[in-house]
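Grab a coffee and work through these exercises with the viewer open. Try each task before you read the solution under it.

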Amino acid sequence: MTPAPYSPLTACLLLLVLWGVIGVAGLLRPTSLRFVGRTLFPISALCSLALAAVAVWSLGMPPERAILAVGLPDLPVHLRRDGLSSVFLFLLGAASAGISVFAAGYFRRGHGTSAGLLCLQYHLFLASMGLVMLADDAYAFMVAWETMALSSYFLVTTQHGLPEIRRAGFLYLLIAHVGAIAILLAFGVMQGGSWQFTFDAMRAARLPAPWAAAAFLLALFGFGAKAGLVPLHVWLPEAHPAAPSPVSALMSGVMLKTAVYGVLRVTFDLLGQPLWWWGVVALAVGLFTALYGVVFAAAQSDMKRLLAYSSIENIGIIFTAFGLAIVFRGVGMPMLAALALIALLYHSLNHAFMKSLLFVGTGAVLHSTGERNLGRLGGLIHRMPWVAWLTLIGALALAGLPPLNGFVSEWLLLQAFLFAHEVPRPFINMLLPMAAAVVVLAAALAAYVMVKFFGVIFLGQPREAALARAHDAGVLQRLGLVWLAAGCIALGLAPTQIINGLRGVVRQLSGADLPGQSAPWWLLEPIPGRQASYSALGFLLAVTAVVLLAILGVRLFYHQRVRRADPWDCGFARLDARMQDTAEGFGQPIRHIFGAFFLLRRELPSPSDRAPRYRVVVGDRIWERLYVPLGALVQRIADGFAWVQQGRIATYLLYSFVTLVALLALVL
Amino acid sequence: MRAIEIVTQLLELAAALAAAPLFVGWINQCRAWLQNRSAPSIWLPYRGIRKLFHKDAVIAGNASQLFRLAPYITFGAMVAAAGIIPSMGTRLPFTRIADAIALVGLLATARVFMSLAAMDVGTAFGTLGARREMMVGFLAEPALLMIIFVASLISATTALPAITEHLATQTLGLYPSLAFTAVAFTMVLLAENARIPIDNPATHLELTMIHEALLLEYSARHLALMEWAAALKLFNYACIGFALFIPWGVSTGQGGPLALLASIPVLLAKLIAAGGVLALIETVSAKLRVFRAPEFLATAFLFAVLGLLVHLLLGA
């Protein structure tokens with residue numbers, strides 16, 4: 001069965017193939033930055049835009065499928081595009097459009113891997129993510145999933161000359177594969193004895209409850225490893241800073257969402273009827289992840305590590321919404337499940353834009369200053385106004401401030417939480433509303449993190465003399481930043497339209513529709529009859545009007561005289577840049593309040609030190625308590641097995657002989 | 001949208017703008033009396049603002065546009081917040097645009113811009129104030145949300161005027177859950193408005209201040225707007241408290257213009273009482289060390305959670 005010629009599925013496939021072609025084209029002139037950067041990447045961005053457009057166009061269409069006879073004989077590739085795929089294809093297209101344009105102006109010589117090879121890996125990465133969202137059997141899914149992991153591994157290790165980057169890459173690859181094994185096992189459970197690995201067979205298999213739960217938990221583990229759920233998050237803060245900024249943006253903004261896609265597909269589509277306690281598990285893990293991520297983000301002093309931890313937080317919020325949706329679905333409140341799912345999908349879209357924007361913003365800073373350490377930045381708003389103001393939009397959105405997009409999804413999630421006390425399960429109905437407080441704590445801490453991030457990089461005085469030579473981003477980079485910032489604003493201002501777009505998908509997942517919108521187009525009122533509404537546009541207009549009136553009023557009634565002088569600083573005259581708060585200083589209240597999360601190592605100077613040194617290392621408790629012992633255990637087991645390797649040919653021949661005899665005994 | 005709704009809205013905004021400095025003046029006066037000092041004039045905050053508007057603005061050489069924009073945004077956010085809170089009438093056209101959660105977001109926006117502006121010049125005090133302000137913010141926000149949750153669960157809505165209307169027209173006069181949340185709210189109010197025991201509005205001792213540290217680099221009209229915004233914030237918080245815990249006397253749409261007129265003296269009486277209580281709390285308590293703030297606000301959060309549990313268990 002080939003896809004119909006003019007269907008969205010065909011268009012998507014063609015665009016994915018086109019991405020592949022662009023990638024291979026990069027190998028034609030691998031060292032020509034002009035060809036790869038200025039020609040191929042902009043074309044690729046156009047492909048992304050086209051993909052986003054196709055995804056929007058196909059959003060309301062019925063599912064369509066295709067079987068392509070490629071790959072191994074008797075194992076054709078099954079493809080299917082439905083609403084859920086469309087949403088995530090839109091996310092992929094819309095976010096990667098901005099990132100690719102930025103990347104066009106980003107790559108320079110001397111980045112380790114040559115530009116052409118980088119182009120191939122980058123586009124394979126994009127195409128494999130697209131394929132993950134279209135796959136309709138376990139084989140195709142796993143092949144796409146692995147291609148995605150491998151291509152991103154090579155992208156992470158672009159600067160493979162540095163040992164810490166190789167180490168980060170290895171950690172990433174390891175956890176990606178531990179996760180992939182769990183996903184594979186989940187598919188193995190879900191085929192339910194039919195040995196058919198198409199998703200249709202899995203939908204048809206009615207698994208007994210324990211097996212369904214096993215499949216769910218395996219999937220949660222496997223996709224959680226890719227998404228960065230605690231305690232499987234350790235690769236994220238290593239891999240994101242190691243990768244070039246556009247790649248970090250792509251990994252954080254888009255790749256983490258493929259895991260969200262996967263877990264949604266398995267739970268709500270393939271398994272069909274989730275039980276409510278699965279939701280409690282996901283909710284607990286999600287909440288812990290959110291809090292853990294944001295607390296660590298606040299303590300970081302490397303700007304990309306900070307953003308990586310902030311991604312962990314956002315994934316936590318997404319999984320919290322996921323858990324809430326399962327609980328509602330499991331106890332038979334499908335309409336509220338639909339509300340939680342809308343919050344989930346909305347936050348996924350939001351995060352794709354906000355986090356990509358911030359990552360490419362740090363890319364521009366990194367480019368112009370060569371510095372990733374917050375302690376050596378500062379005052380860049382004067383040197384790089386474009387990057388600074390556009391990044392500010394992303395930072396405010398990530399801080400969850402109205403009228404930008406981050407607020408909308410949090411608002412929707414809190415509205416869903418307001419019904420949690422109606423869940424007909426004792427204790428759970430009392431604990432769930434309190435979970436909302438954790439979400440708010442995480443959101444408020446995110447604001448703290450964003451003030452630190454933006455304030456330390458862009459405001460204040462430059463902490464190094466070299467920063468005076470910083471230059472603003474180039475035209476292509478600016479274009480990418482503007483696109484992503486515009487996405488943040490648009491998603492913030494048009495919630496009703498976006499929720500209408502998501503309606504069909506949510507119906508498919510939760511089995512119930514949100515009630516029709518009776519409010520006017522500019523007003524978001526998710527549950528009619530209940531007075532809970534929000535209008536981003538009205539909000540923006542009102543606040544802008546008041547601010548403009550204030551400015552005008554001051555202008556009309558008072559003079560406009562301004563004098564520039566030295567900073568006042570309580571009369572202290574010899575102010576210099578080292579007296580500002582550093583990133584470590586800004587993290588101090590967090591280290592103090594959330595001390596239990598951290599493994600702090602302090603090196604304090606004694607009063608008689610000749611060269612006093614103050615050092616504090618913030619370690620991850622989970623790494624020390626879980627991964628280091630686990631690594632030691634694996635090493636011990638491996639050492640035990642190493643005994644088998646005798647290094648003498650006679651011994652190996654003996655092994656072969658014994659194996660042969662054993663097999664013969666088995667067969668005969 | 002009827003004319004009376006627009007009139008109510010404008011009246012509320014005007015009342016907030018005009019009465020906010022007066023409320024601060026009243027609290028200062030009460031505090032002086034309680035502390036056996038001779039009280040400053042109740043009009044002193046106005047004179048301060050007026051004086052500041054007439055001065056030349058002195059701005060640090062390396063301040064960016066953000067620094068000059070922040071006072072307007074902070075002020076604008078506080079005025080907009082005053083438009084959401086039903087201090088006199090519950091039929092407000094602005095109601096449907098922003099609910100209580102959006103109100104929390106609006107207050108957070110003001111806080112973030114103030115903190116960013118404080119970091120802009122790059123002085124030691126500014127950044128110190130910024131991080132302390134954000135710390136108090138993230139500690140207070142979960143407690144504030146729990147408080148709003150309790151009120152929303154009782155009245156099945158998150159729109160603040162609808163909550164007030166529901167609570168004001170209930171036959172059941174007293175909710176035990178609201179008693180707990182009222183305590184929590186008072187604690188949040190003290191912390192968020194830089195009052196004792198978290199911060200001292202009268203101090204300029206560098207190492208203990210939070211709010212004043214944010215404003216150190218501001219002068220003239222920018223400072224005037226910031227001071228006015230701070231007064232508005234206190235006024236807004238007081239009005240949120242009235243809306244949730246003593247909603248009686250607010251015009252709920254019946255009775256027309258007369259009810260609206262009648263609500264003015266009621267609001268005034270509430271403000272006078274609240275000012276006295278605040279001055280009393282500030283007089284009898286001592287300022288806490290900065291790192292005792294988490295305990296203080298965690299207590300507030302626990303009170304709010306108690307309120308929530310009481311509501312869920314007793315249904316009241």
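## Exercise 1: Across the interface

B:Arg131 makes a salt bridge with A:Asp581, their closest N and O atoms lying 2.6 Å apart. Keep in mind that this is a predicted model. Task: work out how many salt bridges cross between chain A and chain B, and how much area the two chains bury.

Solution, step by step:

- Start with the contacts: 77 residues of chain A touch 76 residues of chain B.
- Next, the area: about 6800 Å² is buried between chain A and chain B, and carbon and sulfur atoms give 73% of that.
- Then count the charged pairs: two salt bridges span the interface of chain A and chain B.
- Check the pair from the opening: at 2.6 Å, B:Arg131 and A:Asp581 qualify, since the cut-off for nitrogen to carboxyl oxygen is 4 Å.

## Exercise 2: Salt bridges and their network

Task: find which residue A:Asp136 pairs with, and say whether each partner is buried or partly exposed.

Solution, step by step:

- Over all chains there are 24 salt bridges to pick from.
- The one you want joins A:Asp136 to A:Arg65, at 3.5 Å from N to O.
- The pair ties together distant parts of the chain: A:Asp136 sits in the loop between helix H4 (115–134) and helix H5 (138–156) of chain A, while A:Arg65 is in strand E1 (residues 64–68), 71 residues apart.
- A:Asp136 has 3% relative accessibility, so it counts as buried. A:Arg65 is at 36%, so it is partly exposed.
- For contrast, try A:Arg80 with A:Asp82, a salt bridge at 3.0 Å, N to O. A:Arg80 is buried at 11%, and A:Asp82 is buried at 1%.
- One more: A:Glu371 and A:Arg376 meet at 3.8 Å, N to O. Here A:Glu371 is buried, at 18%, and A:Arg376 is partly exposed, at 39%.
- Now link up shared partners: A:Arg65, A:Arg80, A:Asp82, A:Asp136, A:Asp200, A:Arg203, A:Arg265 and A:Asp269 form one network.

## Exercise 3: Rings

Task: classify the pair A:Phe288 and A:Tyr292, then trace the cluster that the pair belongs to.

Solution, step by step:

- The structure has 41 aromatic pairs over all chains.
- In this one, the ring centres are 5.6 Å apart and the planes meet at 45°, so call the pair tilted.
- Both residues come from helix H11 (residues 276–299) of chain A, four residues apart, or about one turn of the helix.
- Check the surroundings: A:Phe288 is partly exposed at 41%, whereas A:Tyr292 is buried at 3%.
- Follow the ring pairs outward and you get a cluster that includes A:Phe296, A:Tyr309, A:Tyr448 and, from the other chain, B:Phe138.
- A side trip to another ring: A:Lys226 lies over the face of A:Trp145, 5.6 Å from the ring centre.

## Exercise 4: Cysteines

Task: how many disulfides are there, and where is the cysteine sulfur nearest to that of A:Cys12?

Solution, step by step:

- The count over all chains is zero.
- For A:Cys12, the nearest cysteine sulfur belongs to A:Cys47, 12 Å away. A disulfide needs sulfur atoms within 2.5 Å, so A:Cys12 is in none.
- As for accessibility, A:Cys12 is buried at 1%, and A:Cys488 is buried at 0%.

## Exercise 5: Backbone oddities

Task: locate the cis peptide bonds and the positive phi values described here.

Solution, step by step:

- Most residues other than glycine have a negative phi, and most peptide bonds are trans, so exceptions are worth a look.
- In chain A, a cis peptide bond joins A:Pro402 and A:Pro403, with omega about 0°. A:Pro403 is in the loop between helix H15 (385–398) and helix H16 (405–417).
- In chain B, the cis bond joins B:Ile196 and B:Pro197, with omega about 15°.
- B:Pro197 lies in the loop between helix H7 (176–192) and helix H8 (211–214) of chain B, and B:Ala194 is found in the loop between H7 and H8 too.
- B:Ala194 has a phi near 55° and is buried, at 11%.
- Finally, B:Ala220 has a positive phi of about 50°. B:Ala220 belongs to helix H9 (residues 220–245) of chain B and is buried, at 2%.

Methods: Residues numbered from 1 in each chain as written. Chains lettered and ligands numbered in written order. Predicted model: local features only at pLDDT ≥ 70, side-chain atom pairs only at ≥ 80, totals over all residues. Heavy atoms only, no water. Phe/Tyr/Trp six-rings, centres within 6.5 Å; stacked < 30°, edge-to-face > 60°. Helix = DSSP H or I, 4+ residues; strand = E, 2+ residues; numbered from the N terminus. Buried < 20%, exposed > 50% of the residue type's maximum accessible area, 1.4 Å probe, protein only. Lys NZ or Arg CZ within 6 Å of the ring centre and 35° of its normal. Contact = heavy atoms within 4.5 Å. Buried area = accessible area lost by both parts, 1.4 Å probe. Salt bridge = Lys/Arg side-chain N within 4 Å of Asp/Glu carboxyl O.
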